[in-house]
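The following note is offered to a colleague who is meeting this structure for the first time. Its points are numbered so that each may be checked in turn.

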Amino acid sequence: MRGFMARDQIKRFDQWRQRLPENTAYLVALVIDQIVPVFRERGFDRFPDYAGGSAFAVGPNCIPLQRRSGLEWPTVEIVFDKRSRPALGVHFAMLPEVCNRETEHGTKDIPRLEANVVEGPAFFVLCKGQHANLDCNFGYHWLALRPKLRLDREVNVLRSHLPWLFSILETGIPEAWNKKTGYVDQYAFQSRASRVFRNP
């Protein structure tokens, strides 16, 4: 996937960002200014070659954050709505040295430098902890009477959950999480798309 589709992921994000409607652009600015620096303080960074620079593996509407140290690399993707609505999800995982990619010919092993967050053994979505509809989304999908105030509140909620997220990423994913889908914790949800369920 390193051929003509291999491009600087940060540049692709910046190009995507330039075409956003006002409220989505406001949400992106909040995340860049208030959320990304907190990750950098904890040793995470944005890498132009994340997922091998592959446009197939990671979209332009994503801010990947990774700490490239240790036996498993803590990896987070902040994924904004594909339809440019002012909403986002936060996916996280620990990536071992060898990850796994689904292809039209089956699965194949890939090095973690070429992997995205869903290509490790298991991946999770950060949630608000309310167990309600759209609990694992921050922002809004339809209408808000005071959109910027709503987005300020949503980003504040996201920021308040970061200490919990860092504690998980620094100690490792609990083994018990790999045995069930749905809510594995008040603030984490696991889909059956995780590889631990595809390859028993």
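1. This is a predicted model, and a convenient place to begin is His161. Leaving aside residues up to four places away in sequence, His161 touches Leu126, Cys127, Lys128, Phe138 and Tyr187. His161 belongs to helix α3. Its relative accessibility is 9%, so His161 counts as buried.

2. One of the residues touched by His161, Cys127, leads to the disulfide. Cys127 and Cys136 form this bond, with their sulfur atoms 2.0 Å apart. A disulfide is a covalent bond between the sulfur atoms of two cysteines. The torsion about the S-S bond of Cys127 and Cys136 is about 70°, and the disulfide is therefore right-handed. Cys127 has a relative accessible area of 0% and is buried. Cys136, at 17% relative accessibility, also counts as buried, because the limit is 20%.

3. The structure holds 1 disulfide. Why does Cys62 form no bond with Cys99? The sulfur of Cys99 is the closest cysteine sulfur to that of Cys62, yet the two lie 15 Å apart, which is too far for a bond. Seen from Cys99, the closest cysteine sulfur is likewise that of Cys62, at 15 Å. Cys62 counts as buried at 2% relative accessibility, and Cys99 counts as buried at 1%.

4. The largest nonpolar core deserves attention next. It has 39 residues, of which Val76, Ile78, Phe80 and Phe92 touch the most other members. At least two residues of this core come from each of α1 (9-17), α2 (22-41), β1 (62-66), β2 (73-80), β3 (87-95), β6 (123-126) and α3 (147-171). Helix α3 gives the most, with 9 residues. Another core, of 12 residues, lies apart from it; among its members are Leu95, Ile110, Val117 and Phe123. In soluble globular proteins, nonpolar side chains tend to be buried together.

5. What is the volume of the largest pocket? The value is about 220 Å³. Of the 16 residues that line this pocket, Phe56, Ala57, Val58, Gly59 and Asn116 are the closest to its centre. Sorted by class, the lining of the largest pocket has 8 nonpolar, 4 polar and 4 charged residues.

6. Arg12 merits a separate remark. Its place is in helix α1, and at 5% relative accessibility Arg12 counts as buried. Beyond its neighbours within four places in sequence, Arg12 is in contact with Arg7, Ser54, Ala55, Val58, Gly59 and Pro60. Two of these contacts, Val58 and Gly59, also appear among the residues closest to the centre of the largest pocket. Arg12 and Glu22 are 10 residues apart along the chain, and their C-alpha atoms are separated by 19 Å.

7. The loop between β2 and β3 contains Pro86 and Ser84. Is Pro86 buried or exposed? Its relative accessibility is 8%, so Pro86 counts as buried. With neighbours within four places in sequence left aside, Pro86 is in contact with Asn23, Thr24, Leu27, Phe138, Gly139, Tyr140 and Leu151. One of these residues, Phe138, is also touched by His161. Pro86 and Thr171 stand 85 residues apart in sequence, and the distance between their C-alpha atoms is 32 Å.

8. Two backbone angles should be inspected. Most residues other than glycine have a negative phi. Ser84, although not a glycine, has a positive phi of about 65°. Ala51 is not a glycine either, and its phi is positive at about 55°. Ala51 is found in the loop between α2 and β1, where it is buried with a relative accessible area of 3%.

9. A last point concerns Ile173, which lies in the loop between α3 and β8 (182-185). Not counting residues up to four places away in sequence, Ile173 touches Phe92, Met94, Phe124, Ile168 and Asn178. Of these, Phe92 is one of the residues that touch the most other members of the largest nonpolar core. Ile173 and Arg159 are 14 residues apart in sequence and 20 Å apart in space, C-alpha to C-alpha.

Terms used: Residues numbered from 1 in each chain as written. Predicted model: local features only at pLDDT ≥ 70, side-chain atom pairs only at ≥ 80, totals over all residues. Heavy atoms only, no water. 1 Å grid on protein atoms, 1.4 Å probe; cavity = no way out; pocket = protein on both sides within 12 Å on 5 of 7 lines; lining within 4 Å. Points joined across faces, edges and corners; volume = space filled by probe spheres on them. Nonpolar A, V, L, I, M, F, W, Y, C, P; charged D, E, K, R; others polar. Disulfide = S-S within 2.5 Å. Buried < 20%, exposed > 50% of the residue type's maximum accessible area, 1.4 Å probe, protein only. Core = buried A, V, L, I, M, F, W, Y, C linked by side-chain atoms within 4.5 Å. Helix = DSSP H or I, 4+ residues; strand = E, 2+ residues; numbered from the N terminus. Contact = heavy atoms within 4.5 Å.
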